[in-house]
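Me: I'm new to this one and would like to go through it slowly. Can you put it up so that we can talk it over?

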Amino acid sequence: MMHFKRVAKYRFKTILCNACFRRHFADQRLNEELFKKHIGSPLSRHPQPSIYEPFWYSFWERSELFKPQTDKLSSELGIKDRFSMILPPPNITGDLHLGHALTVCIQDSIFRYKKMMDHSQKCIWIPGFDHAGIATQLILDKLCFASKGKRSNELSKEEFISTANEWKNNRMNSIREQLKMLGASLDFSREYFTLNSNLSESVTEAFIRLFDKGLIYRAEMMVNWSFYLNSTISDIEIVWEHIHKPKFLKVPGFNENVEFGFLHKFAYPVVDGKDGEEIVVATTRIESMLSDVAVAIHPQDERYSSLIGRHLLHPLTGQKLKVIADERSDPNFGTGAVKITPTESEIDLEVANEHNLTGESSLDEYGFVKCPNIKDEYSFLNGTHRYSAKIKIIDLLNKLGLYRGKVEHQTKVPLCSRSGDVIEKRILPQWFLKSEPVLSEIQKVIENNEIEIIPKRQKNKVFDWGNGKDWCISRQIMWGHRIPAYNVFTNGKNIGFVAAKNEKEAMEKAERSFKLSHSEIKLIQDKDVLDTWFSSALLPFSVLGWPNESSLDYKSFYPLNLMETGVDILTFWVIRMLMLGKYLTGEWPFKKVILHGMVRDADGRKMTKSLGNVIDPKDVIQGITPDQLKAKTLEYKAKGILDESMLKAALKNQEKLFPEGIVPCSSDSLRMSLFEMKTATHEALKLSVNKIIANRNCVNKMWQTFNFFNLMLEKKPHSHKWVNEVSSLEIAYQLSNMDKWILSRLATFVETCHESIQTADFANIHSAINTFWVENMCDFYLESLKLTFYAQNRDDEAISQCLNVLAVCLKNALITIHPFMPFVTEELFQRLKDLTNDSSDQTKSILLEEYPKNELWSKFKNSDHENTMNVVHNIIRKIRDVKNKLNSTADEEKEVVIHVIAEPSLVQKITLFADIFPKFTRSQLFIITSEQSPQDSSSQWLNIKVEGVTLAVKPSVILVSKRLESILHKQNKLKDKLQILENKPKSQRGEIKKAEMLDELKQLQTDETEIRTLMNVLDKKLQNKI
């Protein structure tokens, strides 16, 4: 029988392998057919990213380019011999926004770069999705209420799970599509969801090991509590609302807005005191007075020193409150007397413990008053919401003559970052993970740069974090990993806990730990779930197969080479990954962390659905109309995610920000816009749609360059032979000065990309791409090539050389840019291979090309040529500036005479590029030394200084006169229009138009001044003539 099973298992595996092989072979054949069809189609005049971007992503997937080759993997791989990284898992609360897109694009660029360097078959980038406990439960809560009229906790477990899974699947499909549109080179065959069975097993195992080591424990401690969620939350999930002036806040679960920003004063009468003897206290939270146990004063405060040790009467409970002396009481705050409420303040708890005082919370877990000590006549307060009770308590104190009014007071209110609820402190039994054993070690290795953090200034956040406090890891919600801990009871008494994978294992552990028989034990599993960040902190190793440390992925790719994420989750996630990685694997889960800032809108505001400023990457790539944007927002309202007031605000902002919707911009343009922001130096990154639209220019320039190359191929000589490698160019040709210059610029560009990606300076990469391709390649090099391609006397050898140098530049520039702009570079690279008869595998992706190496390209760097061309560029720009001021036609430009005057050594260098000046200036230009300068240069020429060079420009008198007449004519027309506008009734539109016209008039007046100055220099007689 056993033999039969082994044979059956072997046959099944064989069939499966054969099926996989056949599918892989079919995919490759399909890839070749589709590839030939696509590349065989004519190149469009303008980029069509809606066609080529989805084509190339499908091509990459069918080619399995994002998977590591398993036969290349080995446990012997060192961390330098491979590359591994995980994508911070997006929450399934909604679609990706531009903040997620920035993370994806940075990581994708790093991954592609690494894959193209030395590790083409040994790279892995793993995607996944986070269940996002509290955040998702809130979304599901709103969804259930909108569709079923019930909150999620009112549904059966089956109904809730069904709703949750439907939402999860929809969101995962949508996010996956967005990731692909962004070009993410993720291995989706390794995709995970944090609640899937394999990761859930890792979470369970992690909890058990940590519990058994004594690192996880249960204790009654003060925690942050959300009454709306009925759950604890951590310190780092709190945002502080700073109240500078009194204002109203919306508190979830309460129908009325609540006022904050006041200090309330009320009196506690002294027990057995003289008539009117009292202590007045001041508090921002008067509703908490039902839980007061004492009043503290500073021991040196003479106002109250005689009352120390006496008692005060609580007017609503009748209890006696002791007056205690404590140096932590600030005599200058409020009245100098501080009420002590140990159940709702960590400092008060500390004070109460030192004075042997105990208290009891006056609120239940839902935020309603539950005060067993309250007097019968005030018992109507029980069962009221805490903020309703606040109003009623003030009213009661007023009636009792104890309320002393309120004064404005600057404060800060702790809000739940997920729900917006006002967070309160409560003393509750919870599960905690010890932080201190490893936190100091983390700080040490970061201080010593054993773990590198980029940018370095973010290291301080690690040193400031936590203060050694243990991490509360339990949450009281439905959506998450249930804590694998069992309460152990005997004779109805809880005697402790055991952690186990299931009840059977728990029973065995309980019997061993407590020396009891099976029949003496009753087990009840804890109902709480784990904090979402607990499972997320395991991801660097759980996604690689841990706790199975013998798995190939774990042995090959752990620890990770890099963790790249947003600076906002440094303490949420990064530090906790370091903690659990060290606790559970004995290693740091990564040795390098790159942090980027948070994407904001153009006004610096956080992007939220309620503001209507959230930008979906898909809408940028494909484009979206105003009506479609509105429909998406209305859908949020229908699902209960936005309420009516949020909807109105969102639609209003949307109309303002996107009046005409968003035009299609392509994935590459979006990536360039995200890189343009100073990601390495700023925490708040402002981004507008207009910036993204502007970045289409780079894609267009690349496309037009290729169109130019296509056009020049028509002039290819019959004897032409392609030289595909840069190292062969110098052997084949005597390179021109412009050829040497563009190759030097390309070498500098390659070097810049290498250096910038190491420091995560993507803004510098964005600048380098534009500088090389737009300014160097298009504006100068291509223009210079036209002198050869369109020469009257055709030179086949020169044309052949130009084509080969251009092809080599295009090829290597496309490879260099590919990690940052993957789609357009793949499209143009494959077409270039087809046109240049490249003998390499025709369907080989650019991603499998070797990234240009500094070692090879450094020999093409020519600083002399680059410095000289910088001077030449500046000369040409200055000449163009002057001619633009003159507004001359092409024929008139020929009348302008220019002398470039410099020292002999510089003249010699500039002369190397003399042949390009006529092309760029269309003027009579002479490069001379100062000794050769014209005799009348001081009176008849306009002299301009440029980097050690004097430009002596002599435009014709007639040309200057015509320009002045044109300016004066425009000024008069503009003044007439302004006069007409002045006579019309004032309107907002009219004022805007008037401001624009005044700006234009001001510029014309500046132009007039410059032209008149030029005229004076040229000929003083001309001034009198006009």
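Me: Let's start with salt bridges: what does Arg-218 pair with?

Reply: This is a predicted model, and in it Arg-218 forms a salt bridge with Asp-526, with 3.4 Å between the closest N and O atoms. The pair links distant parts of the chain, since Arg-218 sits in strand β5 (residues 216-226) while Asp-526 is in the loop between β24 (522-525) and β25 (529-530), 308 residues apart.

Me: And are those two buried or exposed?

Reply: Arg-218 counts as partly exposed because its relative accessibility is 28%, whereas Asp-526, at 5% relative accessibility, counts as buried.

Me: What about Glu-751, which residue does that one bridge to?

Reply: Glu-751 forms a salt bridge with Lys-861, and the closest N and O atoms are 2.8 Å apart. Glu-751 lies in helix α23 (residues 737-758) and Lys-861 in the loop between α27 (854-857) and α28 (863-886), so this pair ties together parts that are 110 residues apart in sequence. Glu-751 is partly exposed, with a relative accessible area of 25%, and Lys-861 also counts as partly exposed, at 38% relative accessibility.

Me: How many salt bridges are there altogether?

Reply: The count comes to 47 salt bridges. One of the other pairs joins Arg-151 and Asp-141, whose closest N and O atoms are 2.8 Å apart. Arg-151 is in the loop between α4 (133-148) and α5 (157-181), and Asp-141 is in helix α4, 10 residues apart. Asp-141 counts as buried at 5% relative accessibility, while Arg-151 is partly exposed, with a relative accessible area of 27%.

Me: Which residues are linked in a network?

Reply: Arg-285, Glu-287, Glu-344, Arg-386, Asp-421 and Glu-424 are linked in a network of salt bridges.

Me: Changing topic, where on the surface does positive charge gather, and which residues are in that patch?

Reply: The patch of positive charge on the surface is formed by Lys-973, Lys-977, Arg-989 and Lys-993. Helices α33 (957-983) and α34 (988-1018) each supply at least two residues of this patch. Lys-973 lies in helix α33.

Me: Why does Lys-973 count as partly exposed rather than exposed?

Reply: Its relative accessibility is 48%, and exposed means over 50%, so Lys-973 falls in the partly exposed class.

Me: OK, and what is around Glu-259?

Reply: Glu-259 lies in strand β9 (residues 258-260) and is partly exposed, with a relative accessible area of 28%. Leaving aside neighbours within four places in sequence, Glu-259 is in contact with Pro-246, Lys-247, Phe-248, Lys-390 and Lys-406. Of these, Phe-248 is 11 residues from Glu-259 in sequence, and the two are 4.3 Å apart in space, measuring from C-alpha to C-alpha.

Me: Now the whole thing: how many helices and strands does the protein have, and how much of it is buried?

Reply: There are 35 helices and 33 strands in the protein, and buried residues make up 53% of its 1026 residues. The accessible surface comes to about 47,800 Å², and 49% of that belongs to carbon and sulfur atoms.

Me: And what share of the contacts is between residues 24 or more positions apart?

Reply: Among the contacts with a separation of 6 or more, 77% are accounted for by residues 24 or more positions apart.

Notes. Residues are numbered from 1 along each chain as its sequence is written. This is a predicted model: local features need pLDDT of at least 70, side-chain atom pairs count only at pLDDT 80 or more; totals for chains, interfaces and linings use all residues. Side-chain values use heavy atoms; hydrogens and water are left out. Patches are made of residues with over 30% relative accessible area and no salt bridge: like charges are joined within 9 Å, nonpolar side chains (Val, Leu, Ile, Met, Phe, Trp, Tyr) within 5 Å. Accessible areas come from the Shrake-Rupley method with a 1.4 Å probe; for residues, only the protein chains shown count as cover. A salt bridge is a side-chain nitrogen of Lys or Arg within 4 Å of a carboxyl oxygen of Asp or Glu. Lys and Arg count as positive and Asp and Glu as negative; His and the chain ends are not counted. The place of a charge is taken as NZ of Lys, CZ of Arg, CG of Asp or CD of Glu. Helices (H or I, at least four residues) and strands (E, at least two) are DSSP runs, numbered from the N terminus. Buried means under 20% relative accessible area, exposed over 50%, partly exposed in between (1.4 Å probe, protein chains only). Contact means heavy atoms within 4.5 Å.
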